[in-house]
Amino acid sequence: MAVLCLLLLVGLPTFLLGVFIWAVVKHFITAEIPFSLQHPVKFRCMHCLILFIMALGNILQKLRICSLPSFIVFMHDLLPIRKDPTLVVTNMHLGTIPVRLFQPKAVSSKLRRGIIFYYGGAAAFGSLDIYHNLCSFLVRETESVLLSVGYRKLPKHHHPSALNDCLSATVLFLKALETYGVDPSRVVLCGDSFGGWAVASISQTLVSTPSLPQIRAQVLIYPILQVINFLLPSLQQNKNIPLLSKDLLIKFVCNYLAIDLSWRDSMLTGAVIPLDKWKKYRKWLSSDNIPRRLWSQDTQPEFLAHFNEAAYLETKHIFNPEISPIIADDKPIAQLPEAFLVSCEYDTVRDDTLLYKKRLEDQGVPVTWHHVMDGFHGCLLLFDRKFLSFPCSIKVVNTVVSYIKSI
């Protein structure tokens, strides 16, 4: 037993050191760090730490000890949750869906603004705890009531489980707004990344439900809004930039939509897009809609690969407007509430926001767009992480707060 303990004491640190060295080497081989990004050394350190944690998670998953998403959520949940004495936080369920309600303690003589928040994390890594500090900040700074929605996630649950949970919780909350002290005329849907996609999809669904209070505004923070065209300029320019590389993005998409990874290359090259569908949707999905000032010198025009019918049959659900909200019909788009869109320059899905901005504007929907030139995907969640916080993180959260306060 003593020998075994000694082996563990010596072997475990050596093993962890080896994994960390592997993560550092992988970072320098695969990652591209933009010259204009503020605090590049900090960014490199953070990415190496993320690669290290993901490598450990992958090892545990292969040993069937726990899944990678569960390990990442576990590691993040080790960070302390800040308790704000000015707020009342209630964990509860709407139906079967876990939610967390944030309310200011101060008594208000009138109904407050309401925020329904859907967290990001590729339907795998987010949680109510991970986004607790951000939600507390939004409530404190905007003096709103906020509902943070939990939902079923990977690896056990694929589309449409997460979306159905978000929609169900939203409907139940909208039916009981005054119970929670919320003004039915001032409800905002808000989310980042995957959560931004949920905002877009749910907003489109709710316009056909006049019996419910109408959403006042939608806030989409670097959202993923289509999984059809992977040849956009931002996907070319930022393909190797952390925290969401092109390779990671396509893995997340395939996992969420239960698409076998063997069709990865067909999706990335556009071989899954039939000519008739490209003719129909090109006006909304083409790189021609992206301002040339945002193209790099190396950006290539999009040319779809030869159509692969087998790949199309396995991936054709990507053409469902519920999954790619940009391609929804004009009628529901035109009925959407005003939108606040946040995009980051160093983000593979930057152009999804730009495409949706044009889509909304073309249908007369008021749009406020904030582009963060030194921003990257996932930066919002780092706004209060001290050493790991970046100027762009503060910019994003402050602009979101300012917009919501204007509602």
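Let's start with a single residue: Tyr-151 is buried, with a relative accessible area of 5%. Keep in mind that this is a predicted model. From Tyr-151 we can move on to its ring partners, then to a second aromatic pair, and then to the empty spaces in the structure.

**Around Tyr-151**

- Phe-194 is buried as well, at 7% relative accessibility.
- The structure holds 19 aromatic pairs, and Tyr-151 and Phe-194 form one that is tilted, with 5.6 Å centre to centre and 40° between the planes.
- Tyr-151 belongs to the loop between strand E4 (145–149) and helix H5 (161–174), while Phe-194 belongs to helix H6 (residues 194–206), so their pairing ties together parts that are 43 residues apart in sequence.
- Both residues are also members of one aromatic cluster, formed by Phe-117, Tyr-119, Tyr-131, Tyr-151, Phe-194, Trp-197 and Tyr-256.
- A charge joins the picture too: Lys-153 has its charged end over the ring of Tyr-151, 5.7 Å from the ring's centre.

**Around Phe-390**

- Phe-376 and Phe-390 are both buried.
- Their rings make an edge-to-face aromatic pair, at 5.2 Å centre to centre and with 85° between the planes.
- Strand E8 (residues 367–376) contains Phe-376, and the loop between E8 and helix H14 (391–405) contains Phe-390, so this pair ties together parts that are 14 residues apart in sequence.
- Lys-42 lies over the face of Phe-390, 5.0 Å from the ring centre.

**Closed spaces inside**

- Rolling a probe the size of a water molecule over the atoms shows where empty space is left.
- In this structure there are three cavities of 30 Å³ or more, and the largest cavity has a volume of about 60 Å³.
- The lining of that largest cavity is made by His-76, Asp-77, Leu-79, Pro-80, Ile-81, Asp-129, Ile-130, Asn-133 and Arg-385.
- Sorted by class, these lining residues are four nonpolar, two polar and three charged.

**The second largest pocket**

- The second largest pocket offers about 400 Å³ of space.
- Its lining has 17 residues, and Glu-32, Gln-237, Asn-238, Ile-241 and Ser-296 lie nearest the centre of the pocket.
- Helix H7 (233–237) and strand E7 (338–346) each contribute at least two residues to this lining.
- Seven nonpolar, six polar and four charged residues make up the lining of the second largest pocket.
- Where does this pocket lie? Domain 1 (1–66) and domain 2 (82–406) both give residues to its lining, so the pocket lies between them.

Methods:
Residues are numbered from 1 along each chain as its sequence is written. This is a predicted model: local features need pLDDT of at least 70, side-chain atom pairs count only at pLDDT 80 or more; totals for chains, interfaces and linings use all residues. Side-chain values use heavy atoms; hydrogens and water are left out. On a 1 Å grid over the protein atoms alone, a cavity is a set of points where a 1.4 Å probe fits but cannot get out, and a pocket is an open set with protein on both sides within 12 Å along at least five of seven lines; lining residues have an atom within 4 Å of a point. Grid points are joined across faces, edges and corners, and a volume is the space filled by probe spheres set on the points. Ala, Val, Leu, Ile, Met, Phe, Trp, Tyr, Cys and Pro count as nonpolar, Asp, Glu, Lys and Arg as charged, and the others, Gly among them, as polar. Rings of Phe, Tyr and Trp (its six-membered ring) pair if their centres lie within 6.5 Å; planes under 30 degrees apart count as stacked, over 60 as edge-to-face and the rest as tilted. Helices (H or I, at least four residues) and strands (E, at least two) are DSSP runs, numbered from the N terminus. Buried means under 20% relative accessible area, exposed over 50%, partly exposed in between (1.4 Å probe, protein chains only). A charge sits over a ring if NZ of Lys or CZ of Arg is within 6 Å of the ring centre and within 35 degrees of the ring normal. Domain bounds come from an automatic or database domain assignment.
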